[in-house]
Amino acid sequence: MKKILLAFAFAATMLTACREKGTNLEPVSEPTWYSDEGYSKSIISMYEDFPIWQDNVVMMGDNYIHKAPWSEFYADTTFKNRGVSAIGVEHVLWQIDGVASSKPAKIFIQIGNTDIDRGAAAADVVNGICKIFDRARKISPETQLYFISPVSRGDEGVKAAVGQVNKSMQEYAGKGLFTFVDVNSALQQGLADGSFSTDGGYSLNGAGYEAFAAALDTYVGKSHLNRAAEKEVAGEANYHKTRASVYRSIARQEGPCIMMLGASIVEGGLWNELFPFSHTYNRGISGDKTDDILDRIADVKAMAPDKIFLQVGRNDMGGKETIDVNECWSNYEKLIKELKKELPEADLYVQSVFPVGRQVEYCDQFNAAAQQLNNLLEAGVERYEYFYLDIWSVLADEQGYMREEYSYDGVHLVADGYFKWATVLLEGGGARLMVFDKNFQSEKK
């Protein structure tokens, strides 16, 4: 009975929210440019398959918005991240109908930096942003709208254009269409001295996001919980270190804790929305290999997760004509041993390496090697006492390639791929799953 109820709850969560259009607005044309078309379209289309509810706070925009785990910053699953890295004003204009028509409580939008970086005139950026807010207001008059200032970074010409955008938007805010939120001022010193970013301000570390969230608190109506590690020091530009810094700034909440641990496929999952009935922490970092996760074992341990769902290995094996499966298994063994040593009370779920699609270079070599590695992962269950989950079988087609409908590039998943994966986790397979009974008892024997 429990499985039936859980499956029903999952299906209900996945239903698209009822959207009352109630306007006669002309449809918005698809954007004319993309920094990465496949990636951007995949993320936007995935958001369309996840519901937004009337009590939600929706965060929209480009890099800074997309890369922030907002629901973890505020320990509140009503926060929905709808950001997409490297998009512009016209992309948010394309998204806004689907978000506003769900009539959420609040919408925060930070956009303009990518457009200015591409050479757009400040006046054109301002005009486009005003169209977004005008459209949102017509669709959902009761939603509270906020514009978060783009941030001054890059050369002097770019900074001057950002300044013009912020000045104009602050003036337009006086007309009552939206509220202007000045995050730019809060970040400037830290961007200038390198304490908030390692790449010139294109991404923020834990200290940067602490300052960002603090600037939002008044408008959000809650106090941020993310606190950067003491003496956080920015080093060379490194995505792994930057993301680890952001994750490190988030404290564990009371109650059962689930951690999704891995690389880009894990990072791309909306786990708090897929599994809103528990504290589910996303600790995926794009590009990570098994040794990268070994490097952040201390951060994993500090969160004291009760359940760890590990999915990694693609980057250890990918892009090679010849793959040493034994070496990959040896690296995986080291990671498993360390996780078991440092977190002996946690239930560890090791998930299979996923197949890749036909469009991926050396796909046949990869899939053959991945199946061998998956056999070794399954065989290690008794020796290392973890649970093995076969996700490969539900994502692969009859020839052993990633099903086209589950991925936009043969590697990374679209919404249907995540739903399929999440369904396996929810049903449990060998896991018996992502929820805890009232007294929270470990699944270990």
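These legends go with a set of close-up views of a predicted model.

**View 1. The whole chain, with its confidence in hand.** Here's the predicted protein chain in full, with 21 helices and ten strands. Buried residues account for 55% of its 445 residues. If you count contacts between residues at least 6 apart in sequence, 73% of them join residues at least 24 apart. The average pLDDT comes out at 90, and 89% of the residues score at least 70.

**View 2. Two stretches to handle with care.** Over residues 1-22 the pLDDT is below 50, though the model still gives this stretch 39 contacts beyond near neighbours in sequence. Residues 429-445 also stay under 50, with 42 contacts beyond four places in sequence. Where pLDDT is low, predicted coordinates shouldn't be read in detail.

**View 3. The largest nonpolar core.** This core holds 135 residues, and the members touching the most others are Trp70, Leu187, Phe212, Leu216, Leu310, Leu339 and Trp421. Helix H7, spanning residues 122-139, chips in the most, with nine residues. As background, nonpolar side chains tend to be buried together in soluble globular proteins.

**View 4. Leu310 and its neighbours.** Zooming in on Leu310, which residues does it touch once those up to four places away in sequence are set aside? Its contacts are Leu261, Ile293, Tyr332, Leu335, Leu339, Leu348, Tyr349, Val350 and Gln351. One of these, Leu339, is also among the core members that touch the most others.

**View 5. Tyr349 in strand E9.** Tyr349, a contact of Leu310, sits in strand E9, which covers residues 347-351. Tyr349 counts as buried because its relative accessibility is 0%. Its C-alpha atom lies 9.7 Å from that of Val381, which is 32 residues away along the chain.

**View 6. Helix H7 against helix H8.** H7 packs with H8 (residues 156-173) at an angle of about 35°, and the two axes are 9 Å apart. The crossing is right-handed. On the H7 side, the contact is made by Ala122, Val125, Val126, Ile129 and Cys130. H8 answers with Ala161, Gln164, Val165, Ser168, Met169 and Tyr172. Sorted by type, the contact has nine nonpolar residues, two polar and no charged.

**View 7. Arg296, a buried arginine in a loop.** Arg296 lies between helix H14 (290-295) and helix H15 (297-303). Is Arg296 buried or exposed? Its relative accessibility is 5%, so Arg296 counts as buried. Leaving out residues up to four places away in sequence, Arg296 touches His240, Tyr247, Leu261, Gly262, Arg283, Gly284, Ile285 and Asp288. Leu261 is also on the contact list of Leu310. The C-alpha atoms of Arg296 and Arg248 are 9.7 Å apart, with their positions 48 residues apart along the chain.

**View 8. Ala75 and Ala304, two alanines with positive phi.** Most residues other than glycine have a negative phi. Ala75 has a phi near 50°, a positive value. You'll find Ala75 in the loop between helix H4 (70-73) and strand E2 (79-81). With 37% relative accessibility, Ala75 counts as partly exposed. For Ala304, phi is near 45°, again positive. Ala304 is in the loop between H15 and strand E8 (307-311). Its relative accessible area of 36% is why Ala304 is classed as partly exposed.

Key: Residues numbered from 1 in each chain as written. Predicted model: local features only at pLDDT ≥ 70, side-chain atom pairs only at ≥ 80, totals over all residues. Heavy atoms only, no water. Core = buried A, V, L, I, M, F, W, Y, C linked by side-chain atoms within 4.5 Å. Buried < 20%, exposed > 50% of the residue type's maximum accessible area, 1.4 Å probe, protein only. Helix = DSSP H or I, 4+ residues; strand = E, 2+ residues; numbered from the N terminus. Contact = heavy atoms within 4.5 Å. Axes fitted to C-alpha atoms, helices over the stretch in contact; angles between N-to-C directions. Left-handed = near helix turned anticlockwise from the far one by under 90°. Nonpolar A, V, L, I, M, F, W, Y, C, P; charged D, E, K, R; others polar. pLDDT = per-residue confidence, 0-100.
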